[in-house]
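Let's take a walk through this protein together. Have the sequence and the model side by side as you read.

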Amino acid sequence: MAKKDKIPQPKSTVKLSTGDKIFNVVNFIIMALVCIVIVYPLYYVLLASVTDPVIVNSGKLLLYPESWYINGYVTTLKYGPLWTGYANTIKYTVVGTLISLFCTIPAGYALSRKDLVGRKPIMFLFTFTMFFSGGIVPLYLTIKTLGIYNTTWAMVLPVAVSAYNLIVCRSFFESGLPDELLEAAKIDGCSDFGFFFKIAIPLSTTIIAVMTLFYATAMWNQFFNALMFLQDDDKMPLQVVLRNLVLMNQANQMGSSASEMVTKQKLAEQLKYCVVVVSAFPLLCVYPFLQKYFAKGVTIGAVKG
């Protein structure tokens with residue numbers, strides 16, 4: 001039998017009108033400008049951390065390092081407490097994120113159940129904390145009374161649950177787990193705990209990933225709680241260690257000769273940019289691979305028609 005000739009399929013070409021072309025060009029220009037506004041400050045900080053502070057302070061538009069000056073990185077990386085601060089921050093981030101997930105995910109699921117007794121009053125109490133709090137002094141006294149002052153628990157327990165993240169989790173479970181699924185599981189003899197661990201959790205990898213990123217980012221950037229609840233220098237997180245490094249070099253400018261003062265002034269100016277790069281570098285390395293989860297976190301719980 002002779003092979004049938006293949007009938008060429010017509011190519012679907014959509015001709016854009018002049019108005020559409022103008023819109024696309026204008027849209028591209030606006031988005032390019034927005035990207036420049038967002039990216040250039042990050043690029044500027046990176047350039048300023050390796051450029052002579054005299055050029056940086058002159059107010060010139062930096063496009064490349066005109067005069068290399070890396071004493072800031074040399075001083076930062078040779079600073080002994082830096083690595084202790086990194087280790088402490090990693091510990092606080094890992095432990096704090098695990099505790100936050102253990103508290104937030106089950107609570108969000110429980111509050112999404114319509115048969116939970118006192119669901120609305122409980123949700124109101126959580127929401128109330130978003131607008132009003134007891135204040136810093138009562139929180140400090142509570143930490144002291146519990147006996148967790150100057151310990152790891154003082155860093156992770158006060159921020160274990162975020163009311164905003166809890167609301168996001170509840171909204172996800174309400175929209176992502178239909179009541180029919182629970183009813184079908186109960187007909188098959190599945191208990192509430194069995195449904196949560198065997199069905200709800202496997203179907204909630206997205207919200208777990210989003211909560212992990214939100215909590216880990218918040219824990220990594222913790223600064224004020226460390227100043228309030230920690231006393232020993234060897235327990236301080238990275239953010240406090242870098243802040244102490246900048247303050248120490250600013251204080252060392254006093255009582256120096258003119259030439260030494262100029263050198264120390266340049267070093268102190270550059271350290272401000274170096275500590276930003278050092279503290280943000282791990283998050284910047286991880287963010288491109290996890291960006292999609294941040295985008296999902298913005299739309300989770302949105303109204304769906």
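What follows moves from the overall fold to one helix and then to some of the salt bridges.

Please keep in mind that this is a predicted model. The protein chain contains 14 helices and 0 strands, so if you trace the sequence from start to end you will meet the pattern α-α-α-α-α-α-α-α-α-α-α-α-α-α. The chain has 305 residues, and 32% of them are buried. Its accessible surface comes to about 19,500 Å², and carbon and sulfur atoms account for 69% of that area. How do contacts relate to the sequence? Among contacts between residues at least 6 apart in sequence, 72% join residues at least 24 apart.

Now turn to helix α10, which spans residues 192-200. Which of its residues are buried? They are Gly-194, Phe-195, Phe-196 and Ala-200. Their cover includes α4 (81-112), α8 (163-176) and α9 (179-187).

The charged side chains are worth a look next. The structure holds 7 salt bridges, including one between Asp-179 and Lys-114, whose closest N and O atoms are 3.7 Å apart. Asp-179 sits in helix α9, whereas Lys-114 belongs to the loop between α4 and α5 (119-128), so this pair ties together parts that are 65 residues apart in sequence. Asp-179 is partly exposed, at a relative accessible area of 40%, while Lys-114 is exposed, at 65%.

Another salt bridge joins Glu-174 to Arg-119, with 2.2 Å between the closest N and O atoms. Here too the pair links distant parts of the chain: Glu-174 is in helix α8 and Arg-119 in helix α5, 55 residues apart. Are these two side chains' residues buried, exposed or in between? Glu-174 is partly exposed, with a relative accessible area of 36%. Arg-119 has 21% relative accessibility and therefore counts as partly exposed, since buried means under 20%.

Finally, come back to the start of α10 (residues 192-200). The side chain of Asp-192 meets that of Lys-186 in a salt bridge, at 3.9 Å from N to O. Lys-186 counts as partly exposed at 42% relative accessibility, and Asp-192 is partly exposed as well, at 37%. This pair also belongs to a wider set: Arg-113, Asp-115, Lys-186 and Asp-192 are linked in a network of salt bridges.

Notes: Residues are numbered from 1 along each chain as its sequence is written. This is a predicted model: local features need pLDDT of at least 70, side-chain atom pairs count only at pLDDT 80 or more; totals for chains, interfaces and linings use all residues. Side-chain values use heavy atoms; hydrogens and water are left out. Helices (H or I, at least four residues) and strands (E, at least two) are DSSP runs, numbered from the N terminus. Buried means under 20% relative accessible area, exposed over 50%, partly exposed in between (1.4 Å probe, protein chains only). Contact means heavy atoms within 4.5 Å. Accessible areas come from the Shrake-Rupley method with a 1.4 Å probe; for residues, only the protein chains shown count as cover. A salt bridge is a side-chain nitrogen of Lys or Arg within 4 Å of a carboxyl oxygen of Asp or Glu.
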